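Biologist: I am new to this structure and would like a close look at a single part, the place where the two chains come together. Please take me through that part step by step, and then outward to what lies around it.

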Amino acid sequence: MTLRDALRRLSPALVRAGLLVTVVCAGAWGGVGTLRGAAGAAAGAPRYGGTFTKSLNYGDPGSLDPIAKPEVAAMMVTMNLFDRLVAVDPVAKKVVPSLAERWEIRDGGLTYVFHLRKNARFHNGREITARDVKYSLERLSDPKNASPSANLLVGVEGLEAFQEGKAPEIAGVQAPDPYTLVVRLERPKPTLLMDLSAPAAGVVPREEVERLGLDFGQRPVGSGPFRLASWRKDDEIVLEAVRDYWAGRPYVDRVVFRIMREEATRDAEFQAGNLDAMTLGEAQYRRYSNDPAWKPYLVEVPELFTRAIFFNLRRPPLDQVKVRQALNYAVDKRAVVEKVLSNKAYPALGPLPSSSSAFDPNLEAYPYDPEKARQLLREAGFPQGFELEVLATAAGARTVEAVAGFLADAGVRVRIVRLESTTLFERVRSGDFQAAFYSTGGEFDPVTFLYARLHTANFGRAGNVTYYDNPEVDRLLAEGMSVTDEARRIAIARQVEGIVTREAPWLFLNYNKAVVLHQPWVHGLQPVPTDIDFQDLTKVWVEPRR
Amino acid sequence: MGGLGRYLARRLLLLVPVILGITLVVFVLMNVVPGDPLYSLIDERSAGLDPAVAEAIRRQWGLDRPLYVQYVRFLANAIQGDLGRSFVSRQRVTEAVVERLGATLRLGLAALVVAVGVGLPAGIVAATRRGSAVDAASMVAAMAGVSMPVFWLGLLLMYLLAVSHRWLPPSGYGGGALRYLVLPALTLGLPVAAVVARIARSAMLEVLRREYVVTARAKGLPEGAVLVRHGLRNALIPIVTIVGVQAGGLLSGAVVTETIFNWPGVGRLLIDAIGRRDMPVVQGAVIFIAVLFALVNLIVDVTYAFIDPRVRYE
């Protein structure tokens with residue numbers, strides 16, 4: 001009997017065995033299949049009721065006081081518990097009314113008059129007045145309360161005197177009557193409305209804060225569309241819809257945030273149908289985006305984050321623009337995004353992410369050109385390349401390894417130093433680094449974003465960690481920080497974007513893509529570019545399951 | 001029992017320098033790692049922090065004082081039962097730990113039940129049927145149990161028992177429902193069961209060779225009585241020792257299991273606190289775990305007296 005005959009005789013058995021294995025496997029994962037069967041393509045009209053369960057990927061928030069440390073884990077909860085004077089619609093990219101129904105800007109941008117709505121109440125039932133807003137802003141700014149966001153209101157008249165203890169109140173924040181709040185500025189501040197929409201500016205009821213003291217963050221009382229029902233640390237936070245909320249009742253009755261740090265656990269819970277939505281990591285994104293059954297249930301957005309290798313311009317040879325440009329030419333960013341980041345990112349052109357209002361898609365950027373990179377290095381006096389030390393977290397190191405491969409082709413030998421993130425940021429802030437890899441951003445306003453990171457007034461700790469120094473950029477950004485006209489500000493941001501891209505203080509690698517996966521019965525999740533976890537939960541609704 | 005009372009008092013008193021040493025080590029370690037603890041209070045988003053405000057925050061938390069003053073102040077408060085407040089949540093540290101202590105103890109005890117309930121019988125059976133297929137199988141299983149990473153075992157159990165077959169909930173505390181306890185307890189307990197099985201087997205083999213066992217058998221005592229009264233009783237000391245050591249580990253080393261199964265225990269509090277450089281919480285959680293560990297060891301030592309009448313406490 002020849003080998004071919006043997007195979008032919010065996011083949012039916014092999015096919016049967018193969019089929020058996022397939023059937024068994026399909027059976028094992030059958031649970032997932034039945035879930036998909038429930039996919040209601042026709043969403044229909046929104047409906048009230050039900051519970052929406054979402055994972056909280058970054059651990060227990062610790063404190064739900066709006067003025068506490070602004071961690072994503074806390075903000076994604078507090079923004080539903082507390083109203084601010086105004087809100088931001090990050091998808092439409094504009095400031096919208098909230099507790100203030102409307103406002104006027106007077107005196108050439110120096111005075112803001114806010115008119116509060118009359119039907120807004122705290123969760124304890126008391127009506128909100130302008131005095132509560134004033135109290136909340138003073139509580140935020142008071143150094144005694146040690147809020148990391150204490151300087152949110154910089155530029156408001158009398159803030160410094162108040163913070164130094166020379167005045168009992170912020171002179172520039174006044175409540176002439178219960179429904180009017182007046183904010184006076186020392187100088188025009190185009191970002192004032194945006195700042196007042198920050199979670200840290202959440203309005204709190206004085207009597208509850210005084211009653212609970214430092215424990216207010218454990219039992220927060222706000223006025224938002226949801227109130228805190230229960231919070232079991234490191235387990236789950238349950239919010240309950242406020243039925244008589246001024247903007248109308250939220251669709252869902254309850255929101256459950258399950259505190260789950262482990263990706264594999266979230267996967268298991270999602271497949272078991274216990275999670276309605278979860279924010280995805282790279283490996284998960286690769287799996288679900290390649291699965292036609294799940295692809296329709298992905299919500300994707302380029303977030304306002306730029307991932308880059310930040311150079312310390314005070315460390316040679318990174319003080320030479322040709323060297324920095326060479327590094328940008330040397331890396332095939334598209335390949336890194338595809339192969340290492342599983343396409344869960346967009347290749348970067350310059351400092352501003354593509355979701356920014358000032359992003360310029362026609363920016364003259366750095367195509368992958370290893371020959372040009374080598375030539376620039378030769379011109380800069382490094383025909384043999386040099387050694388580059390890059391700080392990265394354990395998670396980031398994988399990407400840097402890929403980048404290092406490309407840089408090696410240009411002769412640049414990368415040494416990766418793996419650090420825990422707190423330590424990495426501390427070294428970067430204190431200037432103790434040559435190059436470092438991380439994401440920066442989350443900033444809605446492009447001028448603020450660029451000013452904090454590239455103006456010489458912010459050297460080091462204040463945000464310009466690369467010690468980028470360009471008088472032209474300084475002048476433009478200073479102008480941008482005082483101009484109110486939005487078109488002019490965007491023009492300025494674009495001009496700065498062009499200069500900074502050319503001078504390459506960073507190795508612009510990619511803009512982050514954030515992805516939420518939800519169950520077929522969930523509707524109303526939005527692609528929020530500031531952070532996809534900052535969902536407006538009043539828009540979410542769920543179909544009854546089966 | 002005057003001897004035992006004095007012994008207990010002495011042991012408990014000995015805890016004081018131990019805890020003092022631990023707090024000192026943790027304090028020094030947390031302060032020598034690079035990075036200003038102030039910046040654990042702030043993050044990348046609030047890049048531009050006014051130096052005056054930074055100073056105020058530093059004063060507020062007492063971080064402007066020299067290290068030894070901070071340490072002495074911490075000790076003075078700790079003696080009064082006040083472990084301070086978390087940098088991040090401002091919650092009382094004692095409250096934060098106590099909130100999670102119940103879950104940790106529950107998981108630790110359940111895992112101990114799994115460890116002893118599975119490990120001890122397996123070890124005894126393996127010893128009495130030395131060289132048989134049962135012996136070989138249980139020792140192979142024990143070997144696998146010892147060498148399998150907890151992380152992998154946990155996920156394997158989760159996918160097998162909760163995702164493929166919907167027998168158990170994949171994760172969570174479930175408000176304390178027993179179903180939620182099974183998977184994490186198995187994950188935490190099975191590797192320990194493997195250790196217990198191996199120790200129990202070799203201890204039993206050792207004892208079963210002794211003359212008094214041979215004598216007991218020769219007397220015509222039933223095999224069961226021989227095994228339990230003469231065999232197991234004498235083999236128990238090494239077994240209890242290893243169970244004690246492992247039990248301490250169960251209470252403190254549950255971090256991975258707690259993370260995988262979303263179990264709201266002290267381990268996760270500690271991990272988060274380390275990541276956020278939240279000094280007061282790290283101190284507090286470590287102290288609680290250390291005290292638990294010491295207490296478990298004390299219980300083990302006291303147990304010896306009940307197993308072996310020759311053990312005396314002076």
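Modeller: Chain B and chain A bury about 4,900 Å² between them, and 48% of that area is on carbon and sulfur atoms. Please keep in mind that this is a predicted model, and that the values I give are computed from it. In terms of residues, 50 from chain B are in contact with 63 from chain A.

Turning to the interactions that cross this interface, the rule finds seven salt bridges between chain B and chain A. One that you can look up in the structure joins the side chains of Arg100(B) and Asp234(A), with a distance of 2.9 Å from N to O. Polar contacts can be counted as well, and between chain B and chain A there are 17 residue pairs of this kind, both residues being at pLDDT 80 or more. On the side of chain B that touches chain A, the elements that give two or more residues are helix 2 (51-60), helix 4, helix 6 (150-164), helix 10 and helix 11 of chain B. Among these, helix 6 of chain B gives the most, with six residues. Sorted by character, the residues on this side of chain B divide into 22 nonpolar, 14 polar and 14 charged.

Helix 11 of chain B, one of the elements that contribute to that side, deserves a slower look. This helix spans residues 266-275, and it is largely enclosed by the rest of the structure because seven of its 10 residues are buried. The buried residues are Val266(B), Gly267(B), Arg268(B), Leu269(B), Leu270(B), Asp272(B) and Ala273(B). Their packing partners come from both chains: strand 10 (254-259) of chain A on the one hand, and helix 4 (93-128), helix 10 (255-260) and helix 12 (279-307) of chain B on the other. After helix 11 of chain B comes Arg277(B), which has a positive phi near 55°. As background, most residues other than glycine have a negative phi, and most peptide bonds are trans.

Chain A has its own helix 11, and the two should not be confused. In chain A this helix covers residues 333-340, where Lys333(A), Ala335(A), Val336(A), Val337(A) and Val340(A) are buried. These buried residues pack against helix 9 (282-289), helix 10 (321-330), strand 13 (345-347), helix 13 (394-409) and strand 17 (506-518), which belong to chain A. Just after the helix, Ser342(A) takes a positive phi of about 50°. Asn343(A), in the loop between helix 11 and strand 13 of chain A, likewise has a positive phi, near 65°, and at 37% relative accessibility it counts as partly exposed.

Two further places in chain A have backbone angles that you may wish to inspect. The peptide bond from Pro316(A) to Pro317(A) is cis, with omega near 0°, and Pro317(A) sits in the loop between strand 12 (298-311) and helix 10 of chain A. Asp107(A), which has a positive phi near 50°, lies in the loop between strand 4 (100-106) and strand 5 (111-116) of chain A, and with a relative accessible area of 54% it is exposed.

Finally, for the wider setting in chain A, an unreviewed UniProt entry carries the annotation "domain: Solute-binding protein family" for residues 94-459 of chain A. In the model, the end C-alpha atoms of that span lie 30 Å apart, and the span is 30% helix and 23% strand.

Technical notes. Residues are numbered from 1 along each chain as its sequence is written. Chains are lettered from A and ligands numbered from 1 in the order in which they are written. This is a predicted model: local features need pLDDT of at least 70, side-chain atom pairs count only at pLDDT 80 or more; totals for chains, interfaces and linings use all residues. Side-chain values use heavy atoms; hydrogens and water are left out. Buried means under 20% relative accessible area, exposed over 50%, partly exposed in between (1.4 Å probe, protein chains only). Helices (H or I, at least four residues) and strands (E, at least two) are DSSP runs, numbered from the N terminus. Contact means heavy atoms within 4.5 Å. Buried area is the accessible area (1.4 Å probe) that two parts lose on being put together, summed over both. A salt bridge is a side-chain nitrogen of Lys or Arg within 4 Å of a carboxyl oxygen of Asp or Glu. A polar contact is a pair of N or O atoms within 3.5 Å; within protein, one must be able to donate a hydrogen and the other to accept it, and residues adjacent in sequence count only if both atoms are side-chain atoms. Ala, Val, Leu, Ile, Met, Phe, Trp, Tyr, Cys and Pro count as nonpolar, Asp, Glu, Lys and Arg as charged, and the others, Gly among them, as polar. UniProt positions are given in the numbering used here, feature names are shortened, and annotations may be inferred rather than shown by experiment.
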